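Visitor: I should be grateful for a close look at a single part of this protein, namely one of its pockets. Please describe what forms it, and then turn to some points of the backbone elsewhere.

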Amino acid sequence: MVPGKDVESVEITDRDADWHRFLKTRYKKELDELSREYPYKRSLYINYRDIESFGKTGTELADELLENPGKVIGDVKDAIRTHRLVKTRKKDEQPDINVRFINLPRKIAIREIRSDHIGKFISVEGILRKTTEVRPRITLAVFRCPAGHRTVKAQSYGPFVEPDGCQADGCTQKKLELIPRFSRFVDSQKLRIQESPEGLRGGEQPQTIDLDVIDDICGTSAPGDRIVVNGILRSIQRNSYGTKSTIFDIYVECNSIEVAEKEFEEVNISEEDEKEILALSKDPNIYRKIAHSIAPTIYGVDDVKDAIALQLFGGIAKEMPDGSRLRGDIHVLLIGDPGIAKSQMLRYVVRLSPRAIYTSGQSTTSAGLTATAVKDEFGDGRWTLEAGALVLADMGVACVDEMDKMDKHDRSALHEAMEQQSISVAKAGITATLKSRCALLGAANPKYGRFDDFVPIGDQINMPPSLLSRFDLLFVLTDKPEHERDLAIAEHIIKAHSVGELIAQHNREPIPGVDEEYITEQLKPVTPEIDPAMFRKYVAYAKRSCFPRLSDEARETLIAYYMKLRDLADANKPVPVTARQLEAIVRLAEASARIRLSSVIEKSDADRVITIIDTCLRQVAYDPSSGSFDIDMLATGVSKSKRDLIRNIKQAIRDIADENGRAHKPDVIEIVRQQGFDRDEVERQLTAMLRSGEAMEPKHDVVKLI
Ligand code: ADP
Ligand code: MG
């Protein structure tokens with residue numbers, strides 16, 4: 001037998017000298033720092049590029065790291081130990097230094113991880129979705145048998161292993177006891193990352209991978225963080241109900257974590273792209289073009305498309321000297337009858353935004369829209385903090401469908417998430433504040449499925465007023481039959497379908513007379529003017545490079561508009577518009593200037609925004625009986641004029657009531673009528689009050705307040 005033939009041919013080289021030389025020349029400063037700071041600092045971070053650029057040996061070492069990381073990490077630790085590269089103040093101390101590698105050249109997508117990566121050093125990028133608490137994990141378990149012998153068993157990720165019996169010579173004891181005092185522990189944490197939304201196309205579900213993190217890098221990142229994880233891919237055998245399976249699960253034994261806060265950097269914009277973007281921005285029809293590039297298959301709803309355009313570009317987030325932050329993200333809510341393409345619109349927006357997430361209010365994950373702390377099997381008994389959609393969409397757009405169906409927990413957490421753009425979790429051992437700096441595009445159905453013309457809008461929106469007021473724009477979309485519009489939609493839909501059929505048939509068997517040109521022509525109405533890939537680049541470019549400021553004219557226009565709305569409220573009228581709306585107006589104007597890539601917010605921007613806001617207010621807060629806008633109507637569902645009516649009716653009852661509080665109904669109606677209200681309206685309101693229990697009618701034509 002040839003020696004070494006049946007053993008895997010591992011090249012035995014003396015790496016000790018190589019690593020020693022490398023560390024001495026390249027990492028002297030870092031090692032000295034560790035000597036001074038140990039044990040507070042106990043990790044040596046080695047940049048992969050430094051190894052690679054270390055001559056011929058460097059290339060070898062670098063390759064070896066990728067192929068055989070376990071050995072290399074051991075080699076470097078050995079080199080540090082044997083040559084005493086870290087000398088602490090305590091003479092005989094052997095410092096335990098972690099060796100961590102960063103800046104790997106090639107990142108691998110989570111969905112591309114395969115079995116041949118097992119045991120290799122890999123670098124994966126993703127968003128942190130779940131983190132457990134940091135808890136000690138036993139790495140070296142020391143046991144004692146009744147006879148007093150000690151047995152040591154090393155432990156790794158996975159189940160706890162106990163020795164079969166006492167290992168001391170001649171001892172047959174089986175019952176061993178763990179002695180934590182002599183055992184060794186390390187801080188440990190389990191994380192789960194998932195693919196970032198911008199890497200997903202066409203509604204793919206993001207894939208995830210778990211990470212095992214130990215020692216000083218535990219607790220350094222929070223859910224929602226974008227990180228690059230470098231580590232060794234490990235496998236662990238599945239075990240179902242005590243039976244071992246042939247299927248293995250994989251996880252990454254994490255070596256280092258790098259933060260990847262890149263905002264819109266991941267969208268690559270070439271010089272040609274930039275030229276095209278700049279040309280587009282100077283196009284006098286840019287607003288029309290942008291709006292026509294948003295869901296061209298959906299007919300009409302132009303005002304919604306204009307609003308979504310503004311939302312995609314966004315206003316400017318401002319940091320104030322007192323540390324507070326004003327959000328720049330624009331929140332939009334679409335409430336409407338079923339079947340008017342709300343969901344369709346949301347799905348399209350996901351394609352147009354450089355970073356977006358689509359989710360339903362009735363979320364399938366336990367984290368829902370915001371974040372939760374749970375104790376589940378993932379954490380092996382530890383509490384786990386899990387990020388929801390708004391955290392994962394940080395710095396992007398969260399498209400939330402069926403928002404009215406979200407659960408109670410999300411409903412309350414959403415207030416903070418939308419305005420402060422953070423989500424605080426305080427439960428059990430976990431307290432955390434996660435970032436949710438995203439724009440929210442919500443869709444909801446009316447409370448009773450469809451809008452009822454005879455019930456105030458406010459009553460039909462199944463969301464608390466405090467939440468509604470956080471939306472910059474709120475669209476109420478009713479699906480009322482309207483001959484001309486219906487016909488246009490019908491033609492538009494049929495056209496799209498028939499062109500689709502034509503293409504399908506043509507692809508199967510060429511139809512005479514049909515060619516590329518003809519198809520392009522036919523497809524024109526449903527083809528976006530700016531192609532989605534370009535659109536994403538345009539948005540990314542604008543967000544990255546354009547920070548417009550209000551011109552004097554625009555400022556005056558906006559203030560005048562705001563004051564006009566406020567002035568609609570004289571002393572006893574409601575406050576029609578709150579300061580929140582003024583902030584919304586400014587944000588929208590900023591976004592409008594961004595679409596042109598202009599550094600100045602012009603009067604035209606202000607006018608455009610005023611038109612959109614007027615449309616929205618008219619739908620929800622316009623009180624036809626007094627001719628004024630009334631945000632309170634949205635807030636309470638009761639318009640100012642109706643509130644006045646209720647108050648007057650109550651006052652009238654009190655004024656003429658006998659000692660038992662009873663009043664003659666026709667008299668009450670007459671008094672209120674004389675105060676300028678319509679008789680029918682007074683009667684209707686009084687009936688409503690009787691029905692709702694605010695008043696009662698103990699006898700015919702006698703009313704009494706409750
Ligand atoms: P919703 O979420 O509002 O209940 P969907 O987004 O599921 O509605 O839309 C239902 C269907 O009707 C979709 O296939 C959509 O394309 C079509 N549709 C509705 N309104 C329009 C429209 N205005 N233009 C084109 N298609 C429409
Ligand atoms: Mg829907």
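Guide: What follows is an account of the second largest pocket, with some notes on the backbone and on one helix. The model is a predicted one.

The second largest pocket has a volume of about 1200 Å³. Its lining comprises 40 residues, and those that lie nearest the centre are Tyr157, Lys190, Ile236, Asp249 and Tyr251. Sorted by class, the lining holds 16 charged, 14 nonpolar and 10 polar residues. Five strands, β4 (135–144), β7 (184–194), β8 (208–214), β9 (226–240) and β10 (243–259), each contribute at least two residues to this lining. Domain 2 (110–259) and domain 3 (301–479) each provide at least three of the lining residues.

As for the backbone, most residues other than glycine have a negative phi, and most peptide bonds are trans. The bond from tyrosine 38 to proline 39, however, is cis, with omega near 5°; proline 39 belongs to the loop between α2 (28–37) and β1 (43–47). Alanine 295, in the loop between α7 (286–292) and α8 (302–313), has a positive phi of about 45°. This alanine 295 is buried, at a relative accessible area of 1%. Aspartate 701 also has a positive phi, of about 65°, and sits in the loop between β27 (695–699) and β28 (702–705); aspartate 701 is partly exposed, at 23% relative accessible area.

Finally, helix α14 (residues 483–508) has 26 residues and should span 38 Å at 1.5 Å a residue, which agrees with the 37 Å between its end C-alpha atoms. Ala488, His492, Val499 and His506 of α14 are buried, and α15 (516–523) is included in what covers the buried residues of α14.

Notes:
Residues numbered from 1 in each chain as written. Chains lettered and ligands numbered in written order. Predicted model: local features only at pLDDT ≥ 70, side-chain atom pairs only at ≥ 80, totals over all residues. Heavy atoms only, no water. Helix = DSSP H or I, 4+ residues; strand = E, 2+ residues; numbered from the N terminus. Expected span 1.5 Å × (residues − 1). Buried < 20%, exposed > 50% of the residue type's maximum accessible area, 1.4 Å probe, protein only. Contact = heavy atoms within 4.5 Å. 1 Å grid on protein atoms, 1.4 Å probe; cavity = no way out; pocket = protein on both sides within 12 Å on 5 of 7 lines; lining within 4 Å. Points joined across faces, edges and corners; volume = space filled by probe spheres on them. Nonpolar A, V, L, I, M, F, W, Y, C, P; charged D, E, K, R; others polar. Domains from an automatic or database assignment.
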